[in-house]
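Work through the following exercises with the sequence and the model open side by side. Each task is followed by a solution that goes step by step.

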Amino acid sequence: MKIGFIGLGIMGSRMAANLQKHDYSLVVFNRTRDKAEPLLDRGAALADSPPKLAQQVDVLFTMLAHPDAVEQAALGANGFLNHLRPNALWVDCSSVNPSFSQKMAAEAARGQIRFIDAPVTGSAPLAVDGKLTFWVGGDAADVDAIRPLLLCMGNKIVHVGGQGMGTSMKMVVNLLLGTGMAAFAEAMELGQGLGLSQKMLFDSLLSTPTVAPFLALKREKIEGGNYEAEFPLRWMQKDMHLASVSAYESGVALPLTNVTKEIYRLAMRGGHEPKDFSAIYEFAMGDDGKERTASP
Ligand SMILES: NC(=O)c1ccc[n+]([C@@H]2O[C@H](COP(=O)([O-])OP(=O)(O)OC[C@H]3O[C@@H](n4cnc5c(N)ncnc54)[C@H](OP(=O)(O)O)[C@@H]3O)[C@@H](O)[C@H]2O)c1
């Protein structure tokens, strides 16, 4: 079976590497060619355009930044969708909104291409370890067909429902991640404003059920002031926006998410865009992100 992989950023590069480790034959494409080099060194083939990649593969994975990038890669002037062979499988792992997944599924069906949405939870370190969680939307038979491939990259595969249900679950998960991180930053700001040390707050809060477990994984970044991106803040803002779009489409109100989305946008404007999304802490604390002492 020949596998194509388009989108070799933080996540895609690591996911594709795990397919390679399991001896699958890979053809890859990335807008910025350099990012493909480590995979090419280990034997992957490079396609110089998405159509040339599509012509060769049975299964195509995409792991791209946002809906526009996916749409451009699939349906743009140099798009892959019209070049996949009938009955090929397109697995979109990008974090996109469910109505967009359903639109891509319909476009794929017109060319007799099978479509699965399979976004992931878990950042760069879990991607390296092959321990991602996949939230999968699609026909059961198609999901079964690609399960062995997903298990090279993840250790939890949840078949949520039909096309668009994987990305539906992803919207819900990232709403919790984005608002949870921002609420934690605000709570820490209050604590330090009241004279509690950062260490006291971390030690105390992380041992209570009041904070989400993922926040323990962000402690080192926050204490060290090193916000190198595992999950870029700009993509968290994008996910908050896509949750908001999905709420509009389904008649649901998300006041908290919409306010949080704008906080992330302000952080982007303040220069935190390429950093890890935990840099919302640095933004909340002021420019230096350093520990606060109580003062009016
Ligand atoms: N990082 C995480 O922890 C994490 C976890 C779960 C889900 N996700 C989701 O996974 C997806 C990828 O995230 P990432 O962290 O790997 O981001 P990333 O490192 O920024 O990679 C983004 C990828 O999309 C490509 N891209 C962006 N805009 C494009 C365009 N207009 N046309 C063609 N290609 C384009 C980039 O190509 P270039 O290399 O040329 O820029 C790169 O391959 C996103 O949807 C993100 O929300 C990320």
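Domain bounds, as used below, come from an automatic or database domain assignment. The structure is a predicted model, in which local features need pLDDT of at least 70 and side-chain atom pairs count only at pLDDT 80 or more, while totals for chains, interfaces and linings use all residues. Residues are numbered from 1 along each chain as its sequence is written.

**Exercise 1. Domains and ligand**

Task: State which domains the protein chain is assigned, and describe the shell of residues around the ligand.

Solution. Begin with the assignment, which gives domain 1 (2–163) and domain 2 (168–285). Their centres, taken over C-alpha atoms, are separated by 27 Å. The contact between them takes 14 residues from domain 1 and 16 residues from domain 2, two residues being in contact if their C-beta atoms, placed from the backbone, lie within 7 Å. On the side of domain 1 that touches domain 2 there are 8 nonpolar, 6 polar and no charged residues; here Ala, Val, Leu, Ile, Met, Phe, Trp, Tyr, Cys and Pro count as nonpolar, Asp, Glu, Lys and Arg as charged, and the others, Gly among them, as polar.

Next, turn to the ligand, which is surrounded by 27 residues, the closest being G9, R31, T32, A69 and F231; a residue is near a molecule if its C-beta atom, placed from the backbone, lies within 6 Å of it. The elements that give two or more residues to this shell are α1 (10–21), α4 and α12, where helices (H or I, at least four residues) and strands (E, at least two) are DSSP runs numbered from the N terminus. By class, the shell divides into 13 nonpolar, 10 polar and 4 charged residues. Finally, at least three residues of the shell come from each of domain 1 and domain 2.

**Exercise 2. Two helices and their faces**

Task: For α5 and then for α13, determine which residues are buried and which are exposed on the other side.

Solution. Helix α5 (residues 98–110) has 13 residues and reaches 19 Å from its first C-alpha to its last, close to the expected 18 Å, a span given by 1.5 Å times one less than the number of residues. Its buried residues are P98, F100, S101, M104, A105 and A108, where buried requires 20 or more other C-beta atoms within 10 Å of a residue's own, exposed 12 or fewer, and partly exposed lies in between, with C-beta atoms placed from the backbone. Seen down the axis of α5, these residues fall within an arc of 155°, so they line one face of the helix; the arc is that of the directions from the helix axis to the C-beta atoms. The face of α5 turned away from the buried side carries the exposed residues A106 and R110. Among the elements that cover the buried residues of α5 are α4 (67–75), β5 (89–92) and α8 (165–193).

In helix α13 (residues 255–272), the buried residues are T257, T260, K261, Y264, A267 and H272. Because they fall within an arc of 120° when seen down the axis, they line one face of α13. P255, V259, L266 and R269 are exposed on the other side, whereas the buried residues pack against α8, α12 and α14 (280–285).

**Exercise 3. Positive phi**

Task: Where is D23 found, and is D23 buried or exposed?

Solution. D23 lies in the loop between α1 and β2 (25–29), and its phi is near 70°, a positive value in a residue other than glycine. With 8 C-beta neighbours inside 10 Å, D23 counts as exposed.
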